[in-house]
Amino acid sequence: MTYILKGGFVHRDSLGVRQVYGAERRHGGKHTQWLTTGKGLLHEEMFDIAPDDDKGLPFLQPSSQELYQLWLNVPSSYKLCPPKVELLGGDGVGGSSTPTVLSTDGRIKTVVICGEYGGQRAHVQTLSPVSILHVTMKKGEGTVWQHDSLPESHRTGIIYVRKGALMIAGERVPPHHTAYLSEDAGAVLTVEAADDSYDEEVDFLFLSGSPLQEPVAAQGSMVMNSYDEINDAYGDYQVGRMGRPWSETLSDEEWREHIREFPCVYKTDEYDV
């Protein structure tokens, strides 16, 4: 899962998919990519440094990049599913929505990347129970974020503080720190802005999910349940079943020609080059 906060990405892969997404006006609200690698594919991620308009010289346009990129393990039964790539973002009905939930006073905003919050559910279908929420809170007395609808199966809870400082159950969590929540934290999670926070806004990412309770084997970019499966995956890569690598300097037409010649054999009919 890649969630862009500033700037953007240009994605190309061995399915023949090219996507441009990010946090700028030119990206039309598509700020997140959900990539399910499954049986395997090759992909390229380059920073999108194009300007939002054609006024002025492109090389004089500022380019600032900030993003979250998270790898989520999936159950063994889905590890060899067909690869799939989706763009998410916005509050539109269906399709690719990531709803935004505002508090009644407008001081707290929660973007639902996946899972559910405040009666709003994100569109993306996850392969195990998981929730990712981006929360921003304006500092002030009585500003409290609560989550009281977590599924009982969510035994893992993590908060990463991007900006400001938080108080959780009497413990202060400073910026750029990660808090691991205990399983006995209670049915309602309460987060407050710390009184000594220097920032006027508190910004954090909340993650929760159900443990898979399965063995994990990882090497390089491959994550499976055993090292025999890892070796099989690298065998698939080496003989080109996931596609063949290409140079990032290829034009889009040259890249498409390369994909037609060396496609990912796990591509479904959904992706036509």
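**Two sheets and a pocket**

Modeller: In this predicted model, 6 strands form an open sheet in the order β8-β9-β12-β19-β14-β17, and the pairing is antiparallel. Residues are numbered from 1 along each chain as its sequence is written. Local features need pLDDT of at least 70 and side-chain atom pairs count only at pLDDT 80 or more, while totals for chains, interfaces and linings use all residues, and side-chain values use heavy atoms, with hydrogens and water left out.

Biologist: What makes β8 and β17 edge strands?

Modeller: Strands β8 (100-102) and β17 (178-181) each pair on one side only, where a strand is a DSSP run of E with at least two residues, numbered from the N terminus like the helices (H or I, at least four residues).

Biologist: How do you know that β14 and β17 pair?

Modeller: Two strands pair if DSSP finds at least two bridges between them; strand β14 (residues 156-163) and β17 have 4 bridges in the antiparallel sense, so they count as paired. Within this pair, Y160 stands opposite T178 in β17.

Biologist: Which strands form the sheet of 3 strands, and in what order?

Modeller: The order is β3-β2-β5, in an open sheet with antiparallel pairing, and its edge strands are β3 (18-22) and β5 (43-47). Strand β2 (residues 8-13) is joined to β5 by 5 bridges, and V10 has M46 as its bridge partner in β5.

Biologist: What makes helix α2 a helix that packs on this sheet?

Modeller: Helix α2 (residues 252-261) touches β2 and β3, contact meaning heavy atoms within 4.5 Å. Its direction makes about 35° with that of β2, where axes are lines fitted to C-alpha atoms, for helices over the stretch in contact, and angles run from 0 to 180 degrees between N-to-C directions.

Biologist: Why is the space of about 1,200 Å³ called a pocket?

Modeller: On a 1 Å grid over the protein atoms alone, a pocket is an open set of points with protein on both sides within 12 Å along at least five of seven lines, whereas in a cavity a 1.4 Å probe fits but cannot get out. The largest pocket holds about 1,200 Å³, a volume being the space filled by probe spheres set on points joined across faces, edges and corners.

Biologist: Which residues are closest to the centre of the largest pocket?

Modeller: Of its 41 lining residues, these are T36, T37, G38, W71 and S221, lining residues having an atom within 4 Å of a point. Helix α1 gives the most to this lining, with 5 residues.
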